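Colleague: Please take a close look at one part of this model for me. I would like the strand pairing there, and the side-chain contacts that go with it.

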Amino acid sequence: MKKSKLTCLQTLQPPTTSKIAAISNTDSLLDSFSSSSATQNSTTTAHAALSPVWHCAWSRDGTILATCHGRPDPCIRLWKQPKPTESHPPRSSSSSWNLIATLRGEEGGNEFTSSLTKPRTIRSVSFAPTPPNVRAILAAASFEGSISIWEDFSSESNGKQEGMPSHHYDYGMDHYNEEEEEAVNPPHFNNHHQRQRVRKQGERNIGDTACGWECTAQLEGHESEVKDVTWNATGTLLASCGRDKTVWIWECFLPGTIGGDGNGSTGPNGGEGDFECLAVLQGHGGDVKCVKFAPSHGQFGDGDEILLSGSYDDSIRCWAEDAGEWYCAMVLDGVHMSTIWSIAVSPSGVRMVSGSADKSLAIWKCYTVIERKELETEGSDTVAAVYRGLSDGLWKCVGKLPNAHSQPIYCLDCAPLKAGHGRILSGGGDDCINVYREVGGTSDAPLFSLDVTAKRAHDGDVNCVKWHPTDGRLFVSSGDDGLVKIWSQRQ
């Protein structure tokens with residue numbers, strides 16, 4: 001089978017800024033870095049001047065790219081392709097991406113100002129799946145133990161509706177330091193149900209809102225750093241996880257969604273979101289690094305979705321809902337030998353991929369209740385799980401790539417249908433991006449091979465990789481070097 005080729009189409013760099021106190025010659029550094037004649041030394045210095053980019057995300061329709069940056073210049077940056085005109089018709093998703101907004105807390109003092117406390121660091125942001133005619137809403141996970149909800153009111157201030165953006169924020173600690181902090185200061189748990197709180201921002205003044213974005217609510221309850229946040233498929237649930245070893249599930253009432261306030265439009269009559277804590281899930285023995293919703297396929301409890309969480313305790317837990325109560329349906333352990341940094345779910349929802357600090361990728365398959373019973377009857381010894389009872393299905397590890405990277409794997413993503421069946425994108429501490437392709441076997445024993453790799457994709461850890469949601473040829477990556485790159489994969 002002919003292997004693919006990876007091409008970096010564009011490198012997105014933040015504009016120079018005088019607000020980075022420690023850097024006085026950022027302009028010259030970036031100019032030298034951008035120059036084709038730049039030396040290796042100047043390139044390294046320029047990278048050191050840039051804030052690391054911890055996460056990136058596409059908007060639901062792929063027209064907006066959001067990136068989150070750490071110290072020394074923590075902020076959210078939004079990138080967008082120019083709108084097509086008669087003289088410049090639409091080309092492709094690989095066309096040039098331009099910076100359209102930079103969002104900062106009130107200490108930033110420029111494009112965006114929030115009346116809420118500026119978070120110390122923000123680790124993850126997730127874009128709500130609101131309909132196209134509803135204002136964009138996103139959630140940001142903060143290392144201060146809170147989740148901020150941001151809404152885009154730009155269409156109300158400029159009188160027209162824009163596309164649906166997506167965002168990210170970040171934190172200022174590298175992976176090594178985060179683990180060090182975990183070991184030295186183990187998290188501690190109190191009665192979260194007694195202290196969960198939703199702080200709502202006061203009156204909006206649309207005319208005073210730069211860029212149209214406002215922080216409208218802050219969800220509090222985690223005892224310490226919140227590491228990840230994610231919405232379910234309908235925007236009715238929001239999940240968060242953190243260093244306090246807990247997973248929180250919030251019920252959401254967003255404009256234009258089930259139970260949401262207002263008429264769901266982007267006009268002045270559209271309501272704002274509201275939130276309520278549904279459950280605080282305990283069970284992990286360490287820092288919970290990632291959470292991801294997946295369809296239940298009627299095999300776990302009576303809810304439509306399950307929630308998967310990966311942890312510093314080397315395990316994955318599957319949480320399900322039954323009669324309105326959330327419980328741990330399964331514990332998946334004994335497969336990874338170190339921290340699980342990332343989880344991805346295939347478009348069908350019956351396959352999960354996990355990436356770990358043990359440098360491996362694990363492939364999991366969801367089995368029905370009937371199939372699980374058959375496996376037990378056969379005496380299968382490959383089921384690495386502890387489950388609640390006979391009423392639930394089963395997640396089973398059906399394949400493993402033990403040396404997928406030469407260093408810890410920090411990020412991965414399952415390809416959308418348009419990118420081709422069975423493709424896995426991964427990045428890690430070896431500065432590489434790998435694309436694995438399913439080449440044979442069965443769903444019970446799939447075979448994967450390395451399709452293509454980009455060595456030194458970033459000058460430092462690769463922190464995030466995301467396939468484009470509508471163009472199967474493209475993906476984005478971000479790294480410790482402060483750069484965001486748009487890539488094309490072609491045969």
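Modeller: What follows starts with one sheet and then follows its contacts and some other strands. Keep in mind that this is a predicted model.

Take the open sheet of four strands. Its order is E24-E25-E26-E27, and the pairing is antiparallel. Strand E24 (409–414) and strand E27 (445–454) are the edge strands, each pairing on one side only. From one strand to the next, the twist averages 25°.

Begin at the E24 edge. E24 runs antiparallel to strand E25 (residues 423–428), and five bridges join the two. Within this part, cysteine 411 stands opposite glycine 427 in E25.

Now move to the salt bridges. The whole structure has ten of them. One is between glutamate 438 and arginine 351, with N to O at 2.8 Å. Glutamate 438 belongs to strand E26 (residues 433–442) and arginine 351 to strand E20, so this pair ties together parts 87 residues apart in sequence. Both ends are covered: glutamate 438 is buried, and arginine 351 is buried too.

A second contact sits inside the sheet. Arginine 437 forms a salt bridge with aspartate 451, and their closest N and O atoms are 3.2 Å apart. Arginine 437 lies in strand E26 and aspartate 451 in strand E27, so the parts tied together here are 14 residues apart in sequence. Again, both arginine 437 and aspartate 451 are buried.

Another salt bridge links aspartate 471 and arginine 473, with the closest N and O atoms 2.8 Å apart. Here the exposure is mixed. Aspartate 471 has a relative accessible area of 8%, so it is buried, since the cut-off is under 20%. Arginine 473 is partly exposed, at 30% relative accessibility. Elsewhere, salt bridges that share partners join Lys227, Asp287 and Lys289 into one network.

Strand E20 (351–356) leads on to strand E21 (361–367) through a loop that holds lysine 359. The phi of lysine 359 is near 75°, positive although the residue is not glycine. Its relative accessibility is 32%, so lysine 359 counts as partly exposed.

E21 then pairs with E23. The two run antiparallel and are joined by seven bridges. Alanine 362 has lysine 400 in E23 as its bridge partner. Strand E23 (residues 394–401) has seven of its eight residues buried, so it is largely enclosed by the rest of the structure.

Histidine 297 also deserves a check. It is in the loop between strand E15 (288–295) and strand E16 (305–311). Its phi is positive, about 55°, and it is not a glycine. Histidine 297 is partly exposed, at 38% relative accessible area.

Last, strand E7 (residues 137–142). Six of its six residues are buried. On one side these are Ile137, Ala139 and Ala141, and on the other Leu138, Ala140 and Ser142. Strand E6 (residues 122–127) pairs with E7 in the antiparallel sense, over five bridges. Phenylalanine 127 stands opposite leucine 138 there. E7 also pairs with strand E8 (residues 146–152), antiparallel and over five bridges. In that pairing, alanine 140 stands opposite serine 148. E7 and E8 form a hairpin with three residues between them, and glycine 145 in the turn has a positive phi of about 90°.

Key:
Residues are numbered from 1 along each chain as its sequence is written. This is a predicted model: local features need pLDDT of at least 70, side-chain atom pairs count only at pLDDT 80 or more; totals for chains, interfaces and linings use all residues. Side-chain values use heavy atoms; hydrogens and water are left out. Two strands pair if DSSP finds at least two bridges between them. Axes are lines fitted to C-alpha atoms, for helices over the stretch in contact, and angles run from 0 to 180 degrees between N-to-C directions. Buried means under 20% relative accessible area, exposed over 50%, partly exposed in between (1.4 Å probe, protein chains only). A salt bridge is a side-chain nitrogen of Lys or Arg within 4 Å of a carboxyl oxygen of Asp or Glu.
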